Amino acid sequence: MAKILIKGGKKLEGEITLQGAKNSVLPVLAGTLLCDEKCVIHNCPDIADVETSVKILETLGCVCKREKKTLTVDPSKASEIEIPDNLMREMRSSVVFLGAIIGKNGKAVISSPGGCELGPRPIDLHLSSLKKMGVTITEEHGFLYCEAKKGIKGTEITLGFPSVGATENIILAAVKAEGLTIIHNAAKEPEISDLADFLNSAGARIYGGGSDTVYIHGVEHLRGTEHSIIPDRIVAATYMSCCAVTGGELILKGAMPSHITSILSVFRDSGCDVRVTGKSLKISARNKLLRVPTIRSLVYPGFPTDAGPLVIAMLCKARGTSVFVENIFENRFRYADELKRLGAKIETQGKIAVIEGVESLSGATCKCTDLRGGAALVTAGLCAKGETLIDEIHHIERGYDNIVSTLRSVGADIQYV
Ligand code: EPZ
């Protein structure tokens with residue numbers, strides 16, 4: 001596998017058009033399974049997780065065709081119900097196909113999902129919710145055999161935690177269920193709204209997507225539809241961090257500023273100048289970055305956990321000490337040891353990370369531990385003195401559409417080796 005080599009110190013300047021959101025396109029692709037006719041998905045990012053999703057859809061009997069950023073899925077002949085173990089292990093979000101397969105066929109077979117090493121990634125909320133909808137689930141040899149013998153019944157569900165994946169799975173299973181399903185304490189992330197918009201455009205009857213209470217009236221059929229995926233708010237945070245650490249100026253086009261208000265405020269607190277005009281935002285960091293006393297990751301609309309690694313990489317060079325409190329995942333600081341190889345001063349203890357700003361970072365060899373941790377290493381490498389060589393970059397390829405050519409296009413000295 002190739003590695004990424006960065007020669008740090010170049011200011012980033014120019015324009016970037018944001019890719020479609022990984023965490024929206026994946027549940028939307030699962031949702032195409034529920035449709036009776038062809039779906040056309042626009043603004044589909046060119047990332048490994050989409051390739052994996054296409055393999056899953058084809059394994060289930062769909063016919064998929066990609067033309068640049070448009071993916072066409074014909075689910076009309078899809079009748080398979082099992083996702084092969086190797087594909088389940090390739091990405092955690094394959095669990096979101098569970099709700100779609102059961103919603104379509106009334107039964108499904110999956111193995112326990114893989115994904116990033118962010119601590120235990122249980123799916124108890126997914127499974128307990130599906131059971132309440134009439135799905136029996138038995139586990140044998142690491143496989144889950146799911147079946148709704150009497151069909152899926154709408155019901156009221158209260159989530160103990162507003163889990164993004166569980167909310168998506170319930171919606172996907174409920175769209176063609178018998179009767180009304182109500183989700184209380186649902187996740188409110190923009191990706192949930194995008195999934196509901198996609199399904200409603202195909203004839204579903206979902207109300208309150210993106211709020212903490214979602215109503216899904218079961219329907220018989222979903223027709224084919226066209227849908228454009230929302231921009232990726234975490235990729236936006238990534239390129240903003242890359243700009244901030246290099247003291248540059250970037251314009252991000254195709255953004256949805258209303259989705260990233262909590263992210264914008266952290267960049268402004270760190271001394272960046274951020275201006276929003278319509279669907280574009282301009283960030284410049286002409287001055288030394290300032291510490292941000294405390295940032296807490298929270299469910300939406302709070303500061304997103306996925307943007308944590310990116311702002312922590314940025315704060316490694318800020319003046320003063322910042323504190324990041326990770327409230328969503330249990331073990332999300334594995335990349336901090338890799339940042340320390342570049343001279344960062346970070347101490348982590350459980351869910352707390354203390355980042356003491358240093359004058360400069362110095363290039364080193366390092367390796368990605370997970371998707372956003374890998375992007376944090378790229379961010380740090382862009383401002384480190386000398387060369388940074390990053391290994392295990394398949395983690396980054398899962399969620400970033402051509403990150404190397406994108407950063408080169410705005411002045412970074414970065415290449416695959
Ligand atoms: C989604 O993961 C995203 N992935 C994650 O992005 C994101 O960090 C996360 O939501 C939170 O926003 C996709 O959408 C593909 P959760 P998901 O269910 O659905 C616990 C990235 O970088 N939990 O909201 O897995 C869980 O352990 C990825 O793009 C249970 O305990 O997140 C975690 O601590 C990383 N039981 C917390 O809830 C369950 O049944 C949040 O999980 C489900 C979750």
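**The ligand site and two backbone features in a predicted model**

Q: How many residues surround the ligand?
A: In this predicted model, the residues closest to the ligand are D124, L125, S163, D306 and I328. Counting a residue as near when one of its heavy atoms lies within 4 Å, the number that surround the ligand is 23.

Q: Which helix gives the most to the shell around the ligand?
A: Four helices, α1 (22-32), α5 (124-132), α6 (164-174) and α12 (371-383), each supply at least two residues of that shell. The one that gives the most, with three residues, is α5.

Q: Which domains does the shell around the ligand draw on, with at least three residues from each?
A: One of the contributing domains is made of two segments, 4-19 and 231-416, and the other spans 22-228. The shell takes at least three residues from each of them, namely domain 1 and domain 2.

Q: How many residues of the shell around the ligand are charged?
A: The shell residues divide into three classes, of which the nonpolar one holds 10 and the polar one six. The remaining class, the charged residues, numbers seven.

Q: How far from an oxygen atom of the ligand does a polar side-chain atom of D306 lie?
A: Polar contacts to ligand oxygen atoms include one from an N or O atom in the side chain of K22, at 3.1 Å, and one from a polar backbone atom of V164, at 2.9 Å. For the polar side-chain atom of D306, the distance to an oxygen atom of the ligand is 2.5 Å.

Q: How much of the accessible area of the ligand does the protein cover?
A: The ligand sits in the largest pocket. On its own the ligand has 820 Å² of accessible area, and the share of this that the protein covers is 88%.

Q: Which peptide bond is cis?
A: The bond in question leads into P301, a residue of the loop between β17 (294-296) and α10 (308-315). Its omega is near 5°, and the cis bond runs from Y300 to P301.

Q: What is the phi of N43 near?
A: N43 lies in the loop between β3 (39-42) and α2 (48-59). Its phi is positive, in a residue other than glycine, and is near 55°.

Terms used
Residues are numbered from 1 along each chain as its sequence is written. This is a predicted model: local features need pLDDT of at least 70, side-chain atom pairs count only at pLDDT 80 or more; totals for chains, interfaces and linings use all residues. Side-chain values use heavy atoms; hydrogens and water are left out. A polar contact is a pair of N or O atoms within 3.5 Å; within protein, one must be able to donate a hydrogen and the other to accept it, and residues adjacent in sequence count only if both atoms are side-chain atoms. Accessible areas come from the Shrake-Rupley method with a 1.4 Å probe; for residues, only the protein chains shown count as cover. On a 1 Å grid over the protein atoms alone, a cavity is a set of points where a 1.4 Å probe fits but cannot get out, and a pocket is an open set with protein on both sides within 12 Å along at least five of seven lines; lining residues have an atom within 4 Å of a point. A molecule sits in a cavity or pocket if more than half of its atoms lie within 2 Å of its grid points. Ala, Val, Leu, Ile, Met, Phe, Trp, Tyr, Cys and Pro count as nonpolar, Asp, Glu, Lys and Arg as charged, and the others, Gly among them, as polar. Domain bounds come from an automatic or database domain assignment.
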